[in-house]
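Visitor: Can you walk me through a few spots in this model?
Guide: Sure, here it is.

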Amino acid sequence: MGECWEGEISMSQDQPSSQVLYSGSAPNDRRFLKHVFDNLHGTISLDPLSLKFMDTEQFQRLRDLKQLGVTYMVYPGAVHTRFEHSLGVYWLAGEAVRSLQAYQGSELDINYHDIQTVKLAGLLHDVGHGPFSHMFENEFLPRVHAGSKWSHEHMSLDLVDHIVDEHHIDIDSSTLKNVKEMIISSSKVSDGKSTKEKQFLYDIVANGRNGIDVDKFDYISRDSRACGLGCNIQFRRLFEIMRVIDDEICYPAKEYLTIHKVFGTRADLHRTVYTHAKVKAIELMLVDALLKANDFLGISNCISDPAEYWKLDDTILKTIETAPDNELKESRDIVLRIRRRDLYQFCNEYAVPKDKLDHFKEITPRDIVCSQKANGVTLREEDVAVSNIKIDLTRGMRNPLESIGFFKDYESEEKLTIPDDRISHLLPSCNQDRIVRVYSKKPELVEVVSEAFENFQLKTYGIKTQVHDTPEKKKRRRVAFVDGMRGLC
């Protein structure tokens, strides 16, 4: 991503950049902008206030957070970072609100301050993200702090405050409050937006109402390109056809299949990239390595202090790998296994039957071990790893289209919804998958773990729900190991 100045920022010593921009004088003047080239969106213009946040060590940390965590170990091109994603969301947020301004600006009273606020929320929405994509908060922290409610969205709020205080950024308190509310608006614990003025602005970056937001637009396009997958959704066209009705962003009813395609493409990425069997194997190993290193390195101790948290990024893996301390030997050994591709062995998986989804309870290694039949080898819980995967269309079991506002045509002022029974019958009737995968931490135990996994399915469902038996090639690893051990005797 290349950077170039379009000229020096000209302002008096006592007039901060935010006041210059808010004064209404030439907000698009190239003298006040910096331009970077993004390989997805092209040239992105950055205003002085956004640059003040961007040019801090806390935001620059995002360069050391890969957008897809360890996925690059399976998809070599997936080395893009949270930094460029954040710039992309910043740009798309501005494009979305400018489009609304062009078509409904006088009606909606959209001003430059609104554009600035939404763009800033897009820039900062991931500043509090943890290392290794969502693994840190979804897999690691719950193992350290049972029932942990920590989220990267809330840390983003804390870090925004920390950046403002640490770097003395001159930003209006009400603007800062709005930016933070836009960042958190998709969180389950965010407060209701019904009393907020221009509520539709809070749905652009992180949409808690229906899941259609520019955050998804950017990462779906960016991740698909990085992994060599096709993505033919024209997100910019959605900016052209959307309009606000009853303080909510709505879309033409005839485009409901295009909208559904956004959710379907996201689900496909989850299935083929984010939860790829080998990606999950590496994540399971990395979680074990972090857990064994946590007491010595105090990795989890920083999650309540933004002044310390910003120092944590993906380089913690290299720290563990190269540290000479004996206390980190077990962690180093696991990282070495990852480097040498000696991964936890994927044994098998099954999709939870549709009629069991409502009452699904996550499967644990103990469940698998307790399903073992006597066969001469005794499994222990530490020999088994289980990955419980949920893939949905952002609304759980519900069809996401039911949450989206549509309109008949541009002459209509009436907002409507499309009920599930009026939607194309070619679309899926179930909107969620639950997949249970089991891994053996030792190659020689693949056969034993696989048999226990099959027994668990028989006990739980009365049938084996996996698509096929574990391949014999994987099971033969045990035979090769035993023969090798005999040769040493």
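Guide: What follows covers a loop residue, a helix pair and a second loop residue.
Guide: The model is predicted, so local features need pLDDT of at least 70, side-chain atom pairs count only at pLDDT 80 or more, and totals for chains, interfaces and linings use all residues. Residues are numbered from 1 along each chain as its sequence is written, and side-chain values use heavy atoms, with hydrogens and water left out.

Visitor: Where is His129 found?
Guide: In the loop between helix 5 (112–124) and helix 6 (135–144); helices here are DSSP runs of H or I, at least four residues, and strands are runs of E, at least two, numbered from the N terminus.

Visitor: Is His129 buried or exposed?
Guide: His129 has 0% relative accessibility, so it counts as buried (under 20% relative accessible area; exposed is over 50%, partly exposed in between, with a 1.4 Å probe and protein chains only).

Visitor: What is His129 in contact with?
Guide: Beyond its neighbours within four places in sequence, His129 has contacts that include Arg61, Arg82, Glu137, His152 and Tyr309. Contact means heavy atoms within 4.5 Å.

Visitor: Switching to helix 4 and helix 5: which hand is the crossing?
Guide: Right-handed, meaning that the near helix is turned clockwise from the far one by less than a right angle; anticlockwise would be left-handed.

Visitor: And which residues make that contact?
Guide: Among them are Ser86, Tyr90 and Arg98 of helix 4, and Ile115 and Lys119 of helix 5.

Visitor: Now Ala253. Where is its place?
Guide: Ala253 lies in the loop between strand 5 (248–252) and helix 11 (256–274). Its relative accessible area is 22%, so Ala253 is partly exposed.

Visitor: What does Ala253 touch?
Guide: Leaving out residues up to four places away in sequence, Ala253 touches Phe406, Phe407, Leu416 and Ile418. Ala253 and Ile404 are 151 residues apart in sequence, with their C-alpha atoms 10.0 Å apart.
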